[in-house]
Amino acid sequence: MTALDVRGLEKSFGGLRVTDRVSLTVEPGERRLIIGPNGAGKTTLFNLITGELRPDRGSIALFDRDITRVPGRRRPHLGIARTYQIITLFSGETLLRNVTLSLLGLRRLRWNPFVRLDRQQALIAEARAALDRVGLGHLADRPLAQTAYGERRRVEIAMALAQQPRLLLLDEPFAGLSIEERRDVLQLVGAIPRDVTIVMIEHDMDVALDFAERITVLHFGEVVVEGSRAEVVAHPRTREIYLGD
Amino acid sequence: MPPSAAGALAAALVAAALFAVLALRGTGLGFVMITVALGQIVWGVAYRWISITNGDNGISIKGRPSPLGLSLASPAAFYWAVLIVFVVAVASMAVLVASPFGASLRGTRDQPRRMQALGYHVWMIRFIAFVFSGFWSGVAGLLYLYYHQFVSPHAVALSASAEALLMVISGGTGTLLGPIAGAALVVVMKNVASAYVERWNFVLGAIFVVIVVFMPEGFVPGTVRLWRWAAGAWRPRAAAPVSTPGRRSAGDERLREEARPPIRSLSRYGNPAMSACAKRPRRQSGVTRGKATS
C-alpha cells in the first residue's frame with residue numbers, strides 16, 4: 001500500500017507547463033521533502049493533490065484509492081490536510097474559532113442552522129485540545145489578528161492536525177519564522193505520530209534535511225532527482241539546479 | 001395564509017434557486033453583474049408582458065388577507081402583522097448567524113479557498129445563503145403588495161434593488177443591526193424629510209457621502225468604532241490594556257511588537273474588510289525568512 005501515488009501528472013497554465021509528468025510515490029508514515037527553486041511547481045503540485053486545481057493528465061491515488069476525479073472539497077474527508085505557504089486564516093475570529101472551523105469542516109454539524117455553535121461543548125473542548133497540542137492553549141480566546149506571525153504558523157498546523165489527517169501536506173511551514181520559532185515548529189512537526197504521512201515543501205535545507213527520509217527535487221515542473229537524503233545531496237543535478245553551484 | 005401567498009413564496013424560492021445557480025457561476029463583481037442582469041430581465045418582462053402584468057399601469061388587489069381570521073385591513077392591524085414578520089425574520093437570521101452553518105457562511109465569505117480545503121462545500125453554502133435571502137425578499141415583496149395593494153414594474157426596477165443595496169451598505173454589511181438602521185434611514189428620509197425638503201433625494205445622497213467618507217464600513221459599525229475611539233481619547237492610558245485582554249506570558253513582549261493596531265472590531269459578526277488582515281505583518285529586524293517560492 002502507498003499513502004500517495006501520483007502518476008504522470010501534468011498541468012499547464014496557458015503555454016506554461018508547471019507540472020510536467022510528475023510521478024511520486026510516498027509510503028505510509030513516510031516523511032517526504034520536496035525542494036526546488038522558485039517556480040519549480042511545488043505549490044502547484046500540492047494544489048493538484050488537494051484538488052484545488054484539476055490536472056490536465058495523470059492520476060492521483062490516496063491509500064490506493066484513485067482520487068483524481070474526487071472534488072477538492074471531498075478530499076479532506078478522505079484524510080488530506082494541508083497548510084499554506086501564505087497564511088490563510090480567519091483573521092477576524094479567535095484562534096479557538098479558527099480551529100473549530102477546521103473541526104467542523106469534517107462534520108455534518110456544519111450544515112446545522114439551528115443550534116448555537118458556542119454551545120457545542122464537545123467540539124469546543126476538542127478545539128482547545130488541538131490548540132494545547134501546539135502550545136497555544138493560553139491564546140485560544142485571542143483574535144487571530146492580535147497574534148504573532150510564528151503563532152499563526154502554529155495555528156495553521158493545529159488546524160491541519162485537528163482534522164486527524166492520514167496525509168499532511170506542509171507548504172513551507174518555516175517560511176518567515178525566526179530561529180526559535182523554527183525550532184518550535186520543527187519540534188511540533190517532529191512529534192506528529194507515524195500514522196500520519198507527511199509531505200513537506202521547504203526552502204530551508206538546513207531545517208528540512210533533518211526531517212525528511214526521502215527527498216524529491218522539482219525543477220521546471222519535472223522531478224529531477226529523487227532519493228534518500230545522502231543520494232540527493234550528492235547528486236550533481238541537485239547541486240547544479242538547487243544549490244546553485 | 002391564502003394559497004396565492006403560499007404560491008408567491010414558493011415562486012420566490014424557485015426563482016431564487018434558479019438565479020443562484022446562474023449568479024454563482026461568478027464571484028465578486030461578476031456575481032454582482034449577473035444579479036443586476038437577472039433583475040433587469042425580470043423588470044423587462046414585467047414591463048412588457050402586459051397581458052399578465054398590465055405593464056406600467058400595474059396590478060391592484062382588493063383588500064388584504066385575513067390570516068387566522070384576523071383582519072389586516074386597518075393600518076394598525078397591518079402594522080402589527082408586519083412587525084411580527086419582521087421580528088421572525090431578524091430572529092431567524094440571528095439564529096442562523098450563531099449556528100454552525102452561520103460560521104461556515106462567514107468563513108466562506110472570508111476565505112473560500114481555505115474553506116474548501118477544510119472540507120466545506122463552498123458553492124452549496126453560497127447557494128443556501130442566496131435562497132435564504134431570496135425567501136425573505138419574497139416575504140418582503142408580499143408585504144409590499146399587501147401594504148400598497150398595488151404593484152407595478154417599478155417594484156422590480158434597478159432603482160428598487162439599488163435602494164435596498166444602499167440600505168445595507170450605509171447601515172453596515174455583515175451585521176444584523178446595520179441593514180435595519182440603513183433601512184430606517186432611507187425610509188425616514190423618504191417619508192419624513194420629503195415633507196420639509198423638496199429635494200430630499202439630495203439630502204439622502206449627501207448623507208450617503210458622509211457615511212462613505214467617515215464610516216466606510218457602514219453606519220452601525222462606524223458608530224461603534226467612533227464611540228470607542230472617543231472613549232479611548234477620554235482615557236488614553238486606561239484604554240490600551242482593555243483592547244488586548246489575555247494572560248501575560250513569556251511571549252507577550254514579542255506579541256506586542258508584532259501586534260497590529262486593533263482591528264475595527266464591530267459586532268461579533270465580523271466584516272468583510274477584516275479578511276484583508278490575513279496578510280503577513282511587517283517583519284521585525286533580525287528575523288531570517290525563507291525565500292518566497294511558487
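**Figure 1. Chain B as a whole, a mostly helical count.** Chain B has 13 helices and 2 strands. Keep in mind throughout that this is a predicted model. Of the 294 residues in chain B, 19% are buried. Now look at contacts whose partners are separated by 6 or more positions: in chain B, 61% of them join residues 24 or more positions apart.

**Figure 2. Where the two domains of chain B touch.** Chain B splits into domain 1, covering 1-155, and domain 2, covering 157-237. Measuring over C-alpha atoms, their centres sit 23 Å apart. Domain 1 of chain B puts 10 residues into the contact, and domain 2 of chain B puts in 5 residues. On the domain 1 side, the elements giving two or more residues are helix H2 (28-48) and helix H4 (75-98) of chain B. H4(B) gives the most to that side, with 4 residues. What sort of residues make up the domain 1 side? They divide into 7 nonpolar and 3 polar, with no charged ones.

**Figure 3. Two crossing helices in chain B, H9 and H11.** Helix H9 takes in residues 177-196 of chain B, helix H11 takes in residues 219-234, and their axes come within 7 Å of each other. Are the two helices roughly parallel or roughly perpendicular? The axes cross at roughly 105°, and angles from 65 to 115 degrees count as roughly perpendicular, so H9(B) and H11(B) are roughly perpendicular to each other. To find the meeting point, pick out Leu177(B), Gly178(B), Ala181(B) and Gly182(B) on H9(B), then Phe219(B), Val220(B) and Pro221(B) on H11(B). Sorted by class, this contact has 5 nonpolar and 2 polar residues, and no charged ones.

**Figure 4. Helix H5 of chain B and its cover.** Zoom in on residues 100-110 of chain B, which form helix H5. How many of the 11 residues in this helix are buried? The count is 11 of 11, and the helix is mostly covered. Among those buried residues are Pro100(B), Phe101(B) and Leu105(B), along with Arg106(B), Arg109(B) and Asp110(B). The cover includes parts of both chains: H2 of chain A, together with H4, helix H6 (112-117) and H7 of chain B.

**Figure 5. Gln149(B), a loop residue with a positive phi.** Gln149(B) is in the loop between helix H7 (122-148) and strand S2 (150-151) of chain B. Most residues other than glycine have a negative phi. Gln149(B) is not a glycine, yet its phi is positive, near 55°. Is this residue buried or exposed? Gln149(B) has 12 C-beta neighbours inside 10 Å, and a residue with 12 or fewer is called exposed, so Gln149(B) counts as exposed.

**Figure 6. Chain A as a whole.** Switching chains, you'll find 8 helices and 10 strands in chain A. Its radius of gyration is 18 Å, close to the 18 Å that the globule rule gives for 245 residues, so chain A is as compact as a globular protein of that length. The C-alpha trace of chain A spans about 55 × 40 × 35 Å along its principal axes. Of its 245 residues, 52% count as buried. Among contacts in chain A with a separation of 6 or more, 68% link residues 24 or more positions apart.

**Figure 7. Helix H1 of chain A, tucked inside.** Residues 42-50 of chain A make up helix H1, and 9 of the 9 are buried, so this helix is largely enclosed by the rest of the structure. The buried residues include Lys42(A), Leu45(A), Phe46(A), Leu48(A) and Ile49(A). Just after H1(A) comes Gly51(A), which has a positive phi near 85°.

**Figure 8. Arg21(A), a positive phi within a strand.** Arg21(A) belongs to strand S2 (residues 16-26) of chain A. It isn't a glycine, but its phi is positive, about 45°. Arg21(A) is partly exposed, with 14 C-beta neighbours inside 10 Å.

**Figure 9. Thr94(A) and what it touches.** Look for Thr94(A) in the loop between strand S6 (80-82) and helix H2 (95-104) of chain A. Thr94(A) is partly exposed, with 19 other C-beta atoms within 10 Å. Which residues does it touch, leaving out those up to four places away in sequence? Thr94(A) touches Ala140(A), Asp141(A), Arg142(A), Pro143(A) and Leu144(A). As for Glu27(A), it lies 67 residues from Thr94(A) in sequence and 36 Å away in space, C-alpha to C-alpha.

How values were computed:
Residues numbered from 1 in each chain as written. Chains lettered and ligands numbered in written order. Predicted model: local features only at pLDDT ≥ 70, side-chain atom pairs only at ≥ 80, totals over all residues. Buried ≥ 20, exposed ≤ 12 C-beta atoms within 10 Å, placed from the backbone. Contact = placed C-beta atoms within 7 Å. Domains from an automatic or database assignment. Nonpolar A, V, L, I, M, F, W, Y, C, P; charged D, E, K, R; others polar. Axes fitted to C-alpha atoms, helices over the stretch in contact; angles between N-to-C directions. Parallel < 35°, antiparallel > 145°, perpendicular 65-115°, else oblique. Rg over C-alpha atoms; globule rule 2.2 N^0.38 Å.
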